[in-house]
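Me: I have the sequence and the structure open side by side, and I would like a close look at a single part. Please take me through the sheet and whatever borders on it, in one connected answer.

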Protein chains: 2
Amino acid sequence: MILHDYLPSGNGYKIRLLLNLLAQPFQLKHYDIVAGESHTPEFLALNANGKIPVLQLDDGRCLAESNAVLFYLAQGSQYWPTDPWQQAQVLKWMSFEQYSHEPNIASVRFWLGHAGLNETRRAQLADKKRQGYAALDVMEKHLSQHRYLVGERLSIADIALYAYTHVAEEGAFSLASYPAIQAWCKGIFQLDNYVSIDDESALLA
Amino acid sequence: MILHDYLPSGNGYKIRLLLNLLAQPFQLKHYDIVAGESHTPEFLALNANGKIPVLQLDDGRCLAESNAVLFYLAQGSQYWPTDPWQQAQVLKWMSFEQYSHEPNIASVRFWLGHAGLNETRRAQLADKKRQGYAALDVMEKHLSQHRYLVGERLSIADIALYAYTHVAEEGAFSLASYPAIQAWCKGIFQLDNYVSIDDESALLA
């Protein structure tokens with residue numbers, strides 16, 4: 001399979017991390033999204049929404065949206081629970097990630113580290129910081145009482161939220177006052193087959 | 001079961017519509033989110049993230065995030081496909097809804113119709129309009145070739161995206177140039193057991 005991706009993307013990294021944990025080989029095709037490479041006619045044929053990551057199966061079928069890709073790849077593995085209530089909790093945390101966490105923490109990181117600030121973005125910075133810290137507060141509260149987000153074992157909910165949380169400081173979010181999040185990040189970092197977000201060499205396993 | 005909700009919310013309405021289609025009785029508990037009623041200690045005990053809707057089961061367990069609730073309620077019904085690839089496509093469209101559609105189309109509707117504009121929101125309006133129309137373009141392209149979003153039958157992907165699409169004009173998004181979206185909306189409107197977003201009387205089925 002081919003992962004159409006942008007290396008600094010946490011959304012892409014979620015999938016790279018899961019593929020490595022599953023020891024599933026894949027090819028990486030890189031797009032410079034800041035230069036508009038996810039809006040060419042060729043890319044829009046893969047995902048009409050013009051966003052990486054996109055997983056392309058060997059038969060050519062494509063799946064967009066990082067958390068949908070995690071769901072698909074995790075079927076039958078230890079990272080997708082079998083109980084419907086726990087499955088719903090995994091989806092709850094992944095929705096939380098895409099709505100309350102990523103648009104704040106990942107956006108600020110992307111603006112400061114990659115795309116730059118403009119007037120519209122500058123006007124949103126204070127709101128994004130406030131909402132990003134609110135999302136970290138929700139995670140800290142849960143992780144101070146539970147080792148993982150769902151069912152006391154690692155799932156794709158943890159992988160989804162780890163992606164942008166562990167690089168939150170690149171968006172000027174300090175994790176200093178979040179000891180439970182730090183311990184949870186450390187546990188994931190220590191997994192067998194762990195791969196870092198910028199480790200291109202490990203991607204072509 | 002109890003649905004903790006705010007009647008104008010499309011996120012809540014997704015669940016009300018599915019519960020009606022499933023002929024599943026429920027109680028509605030209403031919160032004025034503009035007045036801060038989803039940030040009281042009592043509400044935060046239901047959802048630490050301080051957002052409606054929340055589904056509370058008869059045994060007290062709570063599930064937040066509208067699309068996770070749709071997933072849970074649709075298990076075993078015709079609205080959740082049995083094929084894993086189609087399931088992943090449903091989640092793809094629901095992620096698209098929460099990331100590319102709702103934050104633009106629903107936010108502008110909420111600002112103009114309920115919460116009001118402030119300086120930060122005013123600075124984002126043009127971007128939100130552009131991105132909201134881009135999301136409608138993606139839907140129109142798909143629906144001009146397919147009757148439903150996934151697998152040629154109604155699923156929770158359609159229910160999730162119908163919620164804010166059918167009231168997009170309340171956010172000053174015109175659907176006039178989206179004939180496929182209009183036809184798709186009409187098909188959902190004509191379903192047996194359809195309930196409208198503001199129909200409180202139908203909620204206590």
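Reply: In this predicted model, strand β3 of chain A, residues 54-56, pairs with β4(A) in the antiparallel sense, and the pairing runs over three bridges. Within that pairing, Val54(A) stands opposite Ala64(A), a residue of β4(A). These strands belong to an open sheet of four strands in chain A, whose order is β2-β1-β3-β4 and whose pairing is mixed. At its edges are β2 (27-30) and β4 (62-64) of chain A, each of which pairs on one side only, and from one strand to the next the twist averages 20 degrees. As general background, the strands of a sheet pair through backbone hydrogen bonds, either parallel or antiparallel.

The approach to β3 in chain A also deserves attention, since the peptide bond from Ile52(A) to Pro53(A) is cis, with omega near -5 degrees. Pro53(A) has its place in the loop between α2 (41-46) and β3 of chain A.

Chain B can be read alongside. Its four strands form an open sheet in the order β2-β1-β3-β4, again with mixed pairing. In chain B, β2 (27-30) and β4 stand at the edges with a single partner strand each, so one side of each is left without a neighbour in the sheet. The twist in this sheet averages 20 degrees from one strand to the next. Here the pairing to follow is that of strand β1 of chain B, residues 2-5, which is joined to β3(B) by three bridges, the two strands running antiparallel; in it, Ile2(B) stands opposite Gln56(B) of β3(B). In chain B, too, the peptide bond from Ile52(B) to Pro53(B) is cis, with omega near -5 degrees, and Pro53(B) is placed in the loop between α2 (41-46) and β3 (54-56) of that chain.

On the other side of β4 in chain B comes Glu65(B), which sits in the loop between β4 (62-64) and α3 (66-74). Its phi is near 75 degrees, a positive value in a residue other than glycine. Glu65(B) counts as buried because 29 other C-beta atoms lie within 10 Å, where 20 or more are needed for that label.

To place the sheet of chain A in its wider setting, chain A is divided into domain 1 (2-78) and domain 2 (84-189), with 20 Å between the centres of the two domains, taken over C-alpha atoms. Their contact takes 12 residues from domain 1 of chain A and 11 residues from domain 2 of chain A. On the side of domain 1 that touches domain 2 in chain A, α1 (10-21) and α3 (66-74) each supply at least two residues, and α1(A) gives the most, with six residues. By class, that side of domain 1 of chain A has eight nonpolar, three polar and one charged residues.

The nonpolar packing can be followed from here. The largest nonpolar core has 112 residues, and those with the most contacts inside it are Leu18(A) and Leu18(B). Leaving aside residues up to four places away in sequence, Leu18(B) touches Leu70(B), Leu73(B), Ala74(B), Tyr79(B), Ile156(B) and Ile159(B).

Key
Residues numbered from 1 in each chain as written. Chains lettered and ligands numbered in written order. Predicted model: local features only at pLDDT ≥ 70, side-chain atom pairs only at ≥ 80, totals over all residues. Domains from an automatic or database assignment. Contact = placed C-beta atoms within 7 Å. Nonpolar A, V, L, I, M, F, W, Y, C, P; charged D, E, K, R; others polar. Pairing = 2+ DSSP bridges. Axes fitted to C-alpha atoms, helices over the stretch in contact; angles between N-to-C directions. Core = buried A, V, L, I, M, F, W, Y, C linked by C-beta atoms within 7 Å. Buried ≥ 20, exposed ≤ 12 C-beta atoms within 10 Å, placed from the backbone.
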